[in-house]
Amino acid sequence: MMLLQAALNGNRIHPATPRAPEQIAAEARAATAAGAQAVHFHPYDAVGKESFDADDCTRAIRAVRAACPGIPISLSTSAAIENDPEKRFRQIAAWEEMPDLVTANQGEDGIVELSELLLSRGVGIEAGLLSAGDARRFVASGLAPRCRRILIEPLDVDPADACRHAEAMEGIVIHAGITLEQVHHGEGIACWAVNRRAVGRGHGIRTGLEDTPVLPDGRQARDNAELVEAAAAIIAQATHA
């Protein structure tokens, strides 16, 4: 079965972007009711800034686990939240309530060491590939046998460019003999083209307000659940074609 993951917030400016733990939990519940099988989110601090602080992460994780029992939870380790690799490592090393998974962008400084730390604590790694260079670094790192899955994440705003780059990253990984589950997504309207291509190739997909504020027809989405419903429809159409 193709995985459908909901990415609930990130730094997206949108009326429905959840930040407080209870908001994240409510969006997670609605997204899973709409068909998401896993959720990814960024905890925030009290002043509305994305946070790796242990207390902030604990509150968000516990709220989502209470709202969505048994649903895998993925957190970010992105340098966009803390760009100092040593400070990021210290903050994440202090986590007490562990997520099931983290996304680990393979082009970032210190990501191998951070991945090793999280693996040692039983956290699954979703290896994020944002470019062909990231894909080559991932192959060279030797982390693949211990990762849970690969995220193919082209950042292009043009749908055709995004699909070409997704194809290139996929090809590098497959050529290296890495058979991990893949989950694909893009940015903005290009997310949907990347999703459709991925589903056609039997891969999982991700959607949600972190990735795109718009539906496939370009209209602004109401919330995460509406985006998940649209992604679930893409999977259903491919499955029954």
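**Exercise 1. Which residues of helix α5 (residues 132-141) are buried?**

Solution. The structure is a predicted model, and every step below reads from that model. Begin by locating helix α5, which covers residues 132-141, and then pick out its buried residues, which are Gly-133, Asp-134, Ala-135 and Phe-138. Next, look for what lies over these residues: the cover of the buried residues of α5 includes β5 (124-129), β6 (149-152) and α6 (159-175). Finally, step past the end of the helix, where α5 is followed by Gly-142, a residue whose phi is positive, near 80°.

**Exercise 2. Find the buried residues of helix α4 (residues 111-120), and state which elements they pack against.**

Solution. In helix α4, the buried residues are Ile-111, Leu-114, Ser-115, Leu-117, Leu-118 and Leu-119. A general point helps in reading such a list: an α-helix has 3.6 residues a turn, so residues three or four places apart point the same way. The partners come next, and here the buried residues of α4 pack against α3 (85-93), β4 (101-105) and β5. After the helix comes Gly-122, which has a positive phi near 85°.

**Exercise 3. Describe the setting of His-42, from its place in the chain to its side-chain partners.**

Solution. First, place the residue: His-42 sits in the loop that runs between β2 (38-41) and α2 (54-67). Second, decide whether His-42 is buried or exposed. Its relative accessibility is 5%, and because buried means under 20%, His-42 counts as buried. Third, turn to the polar contacts of the side chain, one of which joins His-42 to the side chain of Glu-50 at 2.6 Å, while another, at 3.4 Å, links the side chain of His-42 with that of Glu-210. Fourth, set aside the neighbours within four places in sequence and list the other contacts of His-42, which are Asn-9, Gly-10, Ile-24, Glu-50, Ser-76, Ile-81 and Glu-210.

**Exercise 4. Work out how Asp-223 is placed and what its side chain meets.**

Solution. Asp-223 belongs to the loop between β8 (204-207) and α8 (224-240). Its relative accessibility is 15%, and therefore Asp-223 counts as buried. The side chain of Asp-223 makes a polar contact of 3.4 Å with the side chain of Arg-222, and a polar atom of the Asp-223 side chain also lies 3.3 Å from the backbone nitrogen of Ala-225. When residues up to four places away in sequence are not counted, Asp-223 touches Ala-16 and Glu-27.

**Exercise 5. Classify Arg-29, Ala-38 and Ala-54 by burial, and give the contacts of each residue.**

Solution. Take Arg-29 to begin with, a residue of helix α1 (residues 21-33). Its relative accessible area is 45%, so Arg-29 is partly exposed. Beyond its neighbours within four places in sequence, Arg-29 is in contact with Ala-67 and Cys-68.

Move on to Ala-38, which is part of strand β2. With a relative accessible area of 3%, Ala-38 is buried, and outside its neighbours within four places in sequence it is in contact with Leu-3, Leu-4, Gln-5, Ala-6, Ile-71 and Pro-72.

Ala-54 belongs to helix α2, and it is buried, with a relative accessible area of 15%. Apart from neighbours within four places in sequence, Ala-54 is in contact with Ala-94 and Trp-95. As for distance, the C-alpha atoms of Ala-54 and Arg-88 are separated by 11 Å, although these residues are 34 residues apart along the chain.

**Exercise 6. Describe the chain as a whole: how many helices and strands does it have, and how does its radius of gyration agree with that of a compact globule?**

Solution. Count the elements before anything else, which gives eight helices and eight strands. Then turn to the radius of gyration: for 241 residues, a compact globule would have a value near 18 Å, and because the chain has 17 Å, the two agree. The C-alpha trace spans about 45 × 40 × 30 Å along its principal axes. Of the 241 residues, 56% are buried. Among contacts in the chain with a separation of 6 or more, 65% are between residues 24 or more positions apart. The surface comes last, with about 10,200 Å² exposed by the chain, of which carbon and sulfur atoms supply 51%.

Technical notes. Residues are numbered from 1 along each chain as its sequence is written. This is a predicted model: local features need pLDDT of at least 70, side-chain atom pairs count only at pLDDT 80 or more; totals for chains, interfaces and linings use all residues. Side-chain values use heavy atoms; hydrogens and water are left out. Helices (H or I, at least four residues) and strands (E, at least two) are DSSP runs, numbered from the N terminus. Buried means under 20% relative accessible area, exposed over 50%, partly exposed in between (1.4 Å probe, protein chains only). A polar contact is a pair of N or O atoms within 3.5 Å; within protein, one must be able to donate a hydrogen and the other to accept it, and residues adjacent in sequence count only if both atoms are side-chain atoms. Contact means heavy atoms within 4.5 Å. The radius of gyration is taken over C-alpha atoms; the globule rule is 2.2 Å times the number of residues to the power 0.38. Accessible areas come from the Shrake-Rupley method with a 1.4 Å probe; for residues, only the protein chains shown count as cover.
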